[in-house]
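Subject: Structure for you to look at

Hello,

Here is the structure I said I would pass on. Please open it first, then read the notes below it.

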Amino acid sequence: MSQNFTEVSKSIVDAIGGADNVTAVTHCMTRLRFVLNDDSAVDSARLKSIKGVMGVVHNDNQCQVIIGNNVAKAYAEVVKLLPAGAVTERVTAAQGKNKITLKRIGAGILDALIGTMSPLIPAIIGGSMVKLLAMILDMTGIFEKGASTLIILNVIGDGAFFFLPVMVAASAAVKFKTNMSLAIAIAGVLVHPNFIDLMAKAAQGQQVSFIGVDITAVKYTYTVIPALCMTWLLSYIETWVDRITPAVTKNFLKPMLIVLIAAPIAIMFIGPLGIWIGSGISALVYTVHSYLGWLSVAIMGAIWPLLVMTGMHRVFTPTIIQTIAETGKEGMVMPSEIGANLSLGGSSLAVAWRTKNPELRQTALAAAASAIVAGISEPALYGVALRLKRPLIACLISGFICGAIAGIGGLASHSMASPGLFTSVQFFDPTNPMSIVWVFAVMILAVVLSFITTLLLGFEDIPVEQPASDSVAATTYNASPDVVKVN
């Protein structure tokens, strides 16, 4: 990949229709996410041809440009190309033009969820891995049971989850263009120690009310949907309060009214509704799992790369977090990722083994290492599998088989980190020592099976660029000026 991110970012912005066509931009772990005024202004062919761009995904008026692990550097350069203050103004104007349809509502909900959760993934993964470290240290007996070091490590790891509503509110405030400090303050009410104590009393049957309205007993730590819904509503409350408050009172009356209106609504209505929605989604997902058993893990393993391609995989983040918080483990989505991620790595190794293109070989090797070692599969998905087509088919086949074995083995994750070699410990169950054997068996099978299947299916190699006058190119690649069949 080109390391000149200034030039890469400039080329990307030009290819999507220029800075004036961008209403908003953010990024996740591997891709830039542009919300556009006019999707037809995007030159997809030009965008895909930029060196450093691994792939492009279109979804309604959103264009996702896959960069890879260096996406943060590209994002920083893209932001410099957008005029200050122009993004917020164009977002409002663009929203006014859009007709409300069921498809647009669904796309908006999905976009809000993905756009809010994507920036939080590093903190969630970091916290998960620290909690795993504390668990391992506790099991090995290096520290005594109840040692302050273990307690502090657990607190460090738990911070991102306990205060998840606050983090969601901050991220959603950016997404919904509302005041971040007010969003954080209102979300902070939900995890305030005194409020948590009140909710515990309400759960035990004690009546808890506010201005005569009974408050439903809800535990908000480790939750996503309530804070997300609350911040979305806050964006409208803020606009309405700003309209009705006199200019001379805005400094003190406006924020006071916003908090007094939004916080009680969140506590009495939005919070419980968000919990019910989140619980309903989780119940639906795991009802399917309870009926289909290992087959549901196999299906998820097969379709996981397709979900990643559309960004739909982030929809499962709140469900995974809530399930781990309630039961201590998650046994459907996370186990399916083992086979999916490692299969992409194995397939990339096969491409590196067979390709005659040095640049593709380097890309494939780097992508394989990322997928196998760290569980970051996007470079392999976009840089190799999707680019060459048949390796993707091999990954889907391998993902299904490995997902089935992971389901049969009863694997479950105790934290949320992309499954790979370094994060395999998250599947270790202290009550079942054989779980670690199952994990490594699935990983090895995924790499070997996808490697062999990719070689059997073959792929269309990308020829090395050479001068047209070079006679060697004409004799070596006479099968096609564009591709070479590799078996």
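Which residue forms a salt bridge with Asp-242, and how far apart are the closest N and O atoms? The partner is Lys-254, and the distance is 3.1 Å. This pair links distant parts of the chain, as Asp-242 lies in helix H11 (residues 225–244) and Lys-254 lies in helix H12 (residues 253–292), 12 residues apart. Asp-242 is partly exposed, at 32% relative accessible area. Lys-254 has a relative accessibility of 18% and so counts as buried, the cut-off being under 20%.

Before going further, note that the model is predicted. The salt bridges in it number three, and the other two are described next.

One of them joins Lys-80 to Glu-77, with 3.3 Å between the closest N and O atoms. Both residues sit in helix H3 (residues 71–81), three residues apart, so about one helical turn separates them. The two ends of this pair differ in accessibility: Lys-80 is exposed, with a relative accessible area of 61%, whereas Glu-77 is buried, at 18%.

The other is between Lys-201 and Asp-197, where the N to O distance is 3.5 Å. Here the helix is H10 (residues 193–203), and the two residues are four apart, which means that they too are separated by about one helical turn. Lys-201 is partly exposed, with a relative accessible area of 31%. Asp-197 is also partly exposed, at 40% relative accessibility.

As background to these pairs, side chains of opposite charge can pair when their charged atoms come close.

A word on confidence. The mean pLDDT of the protein is 81, and 87% of its residues reach 70 or more. Two stretches need care. Over residues 85–97 the pLDDT is below 50, and this stretch makes 16 contacts in the model beyond near neighbours in sequence. Residues 467–483 also have pLDDT below 50, with 12 contacts in the model counted in that way. Where pLDDT is low, the predicted coordinates should not be read in detail.

When you go through the model, you could start with the pair that links H11 and H12, then turn to the pair within H3 and the pair within H10.

Regards

Terms used: Residues are numbered from 1 along each chain as its sequence is written. This is a predicted model: local features need pLDDT of at least 70, side-chain atom pairs count only at pLDDT 80 or more; totals for chains, interfaces and linings use all residues. Side-chain values use heavy atoms; hydrogens and water are left out. A salt bridge is a side-chain nitrogen of Lys or Arg within 4 Å of a carboxyl oxygen of Asp or Glu. Buried means under 20% relative accessible area, exposed over 50%, partly exposed in between (1.4 Å probe, protein chains only). pLDDT is the predictor's confidence in each residue, from 0 to 100. Contact means heavy atoms within 4.5 Å.
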